Amino acid sequence: MKGLFIDGKWSPTPARYAVPNPATEEIFAEAPDGTVADLKRAIAAARRAFDDGPWRRTTAGDRAQILSRIADGIETRKDEFRSLLIGAGGATQVSFVNQLDAPIEQLRACAQLATSFEFELKLPSVTQQTRSGKREIHSLAVRHPVGVCGLIPTWNFPLYVTLQKVGPALLAGCTMVVKPSPWGPLVDLLLAEVVDSCDLPPGVFNVVTGQDPALGAELCESALVDKVSFTGSVATGKKIMQSCAQTLKRVHLELGGKSALLILDDAELDEQIPAIASPAYFHAGQGCAMRTRVLVSRKRHDEVVAKMSGFVGKYIKVGNPADPQIMMGPLIREERRRAVEGFVTSGVEEGAKLIVGGKRPKDLAKGFFLEPTIFAEVKNDMRIAREEIFGPVVCVLPYENEADAIRMANDSRFGLAGGIVTKDIGRAVEIAKQIRTGGVSVNGASNSLVTPFGGMKESGIGREGGAFGVEEFTELQSISWPS
Ligand code: NAD
């Protein structure tokens, strides 16, 4: 890696830190260990580029062309991204649809919004009564770029999460400093190489990697930053909101989840079992929107548990993701594996039934692996049902009736995602409206290029995706005049 990317130039750092391969525990690469001084240089560059540079005065069409060039650049270097995602992130072949293809597609869709996004909206004229008579007032609502953005993405889907912020921020005309998670810096550095070849004015896009949590804190506290967009845990999100309050920054938070999947009694289980059983093991359960609380009526509970464990035993093969046959890779770090094992212990102690998994696979001596795990007979007040585990653990909870199921789904401090499995789509949509989460998937449908994504309750503030994501990087101004 060439160094930090600041003000359109590569800036090597004296210090570097090791990024391990979570499947082998060997050092995969080294990343620049930037300091707060580096970050301040990047913020100053982004400020200059916003205030004095040409970027925000370009047309949306011109900015869209740059986005398309970045998308093409990523496409051209797909193999390099793939090897970083496998080697530093533990991503499996099956996850590349989300890890690599979807972010490129999202970026292209974002570029296309240049023609439809309403940067200026003519409002209806209004008649005002003044002392000298009546007059017509005409108004425009203008969407301006919000300014200098501090972007703090996470490591689990690093390209996806970063581009969901970078694409809309660039299209809106913002400048930015990306501060990746210390556990996932390499993809953002490779992205900086791509951006470097796309003729952006210096200072518009900066990347500062490093291990020091003070880097993120500086982005939140700096008076030169107008907005922070963060993806990570609820605990850090709360700290970010507090420190952003000092300068009344705009804050966008994409945080954790504990999503429920409601299986209605009419569900066709054999057809739907992959949608029920597999999402929580995708990327070893390290996803915010994984549907890890499976709610099923008491009478079908045992049947669902048997089918889920049959599916997991047959299809969820655990191992080194460099092997394309592998369905589930390792957790990102040993400390995360230990945290997930702590949840398994607490589930057993609280009386949930451990059906499969919960252990380290015997045949894998190295790597932060854990077996895919299913708990049955889980109660919604158990710790494993209340907290985000962020590992390959699914809880099956029996419910008495549909009203009970909806109440259980909503009985959570999180509100990110959820799912419903049924033959009756109309009924599913009605139930979905009663669930307080930012998204609900029916029969395994995934988010599309136009849908908003984000959390209610403690799962976050703001929405990414489509035009909704671009709006978040704009500020409204009204301009009015009499005729
Ligand atoms: P985390 O909360 O540990 O975040 C770590 C990041 O925050 C690092 O970059 C760190 O430098 C920075 N940081 C730490 N203290 C800070 C401070 N005081 N001010 C500013 N920055 C600070 O989370 P994580 O482990 O990176 O991510 C896992 C979480 O992300 C899970 O909860 C998951 O659900 C969530 N997530 C959410 C989404 C979503 O879109 N909603 C997507 C992916 C992951």
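## A tour of the domain interface

Let's begin where the two domains meet: four residue pairs, with both residues at pLDDT 80 or more, are in polar contact between domain 1 and domain 2 (N or O atoms within 3.5 Å, one able to donate a hydrogen and the other to accept it, with residues adjacent in sequence counted only if both atoms are side-chain atoms). Salt bridges between domain 1 and domain 2 number zero (a side-chain nitrogen of Lys or Arg within 4 Å of a carboxyl oxygen of Asp or Glu).

This is a predicted model, in which local features need pLDDT of at least 70, side-chain atom pairs count only at pLDDT 80 or more, and totals for chains, interfaces and linings use all residues. Residues are numbered from 1 along each chain as its sequence is written, and side-chain values use heavy atoms, leaving out hydrogens and water.

Now select the elements β3 (16–20), α3 (78–89), α4 (96–112) and α8 (234–245), which each give two or more residues to the side of domain 1 that touches domain 2; helices (H or I, at least four residues) and strands (E, at least two) are DSSP runs numbered from the N terminus. Pause on α3, which gives the most, three residues.

Next, colour domain 1 (4–255 + 460–482) and domain 2 (259–447) separately; these bounds come from an automatic or database domain assignment. Their centres, taken over C-alpha atoms, are 31 Å apart. Select the contacts (heavy atoms within 4.5 Å) and you should find 25 residues of domain 1 against 28 of domain 2.
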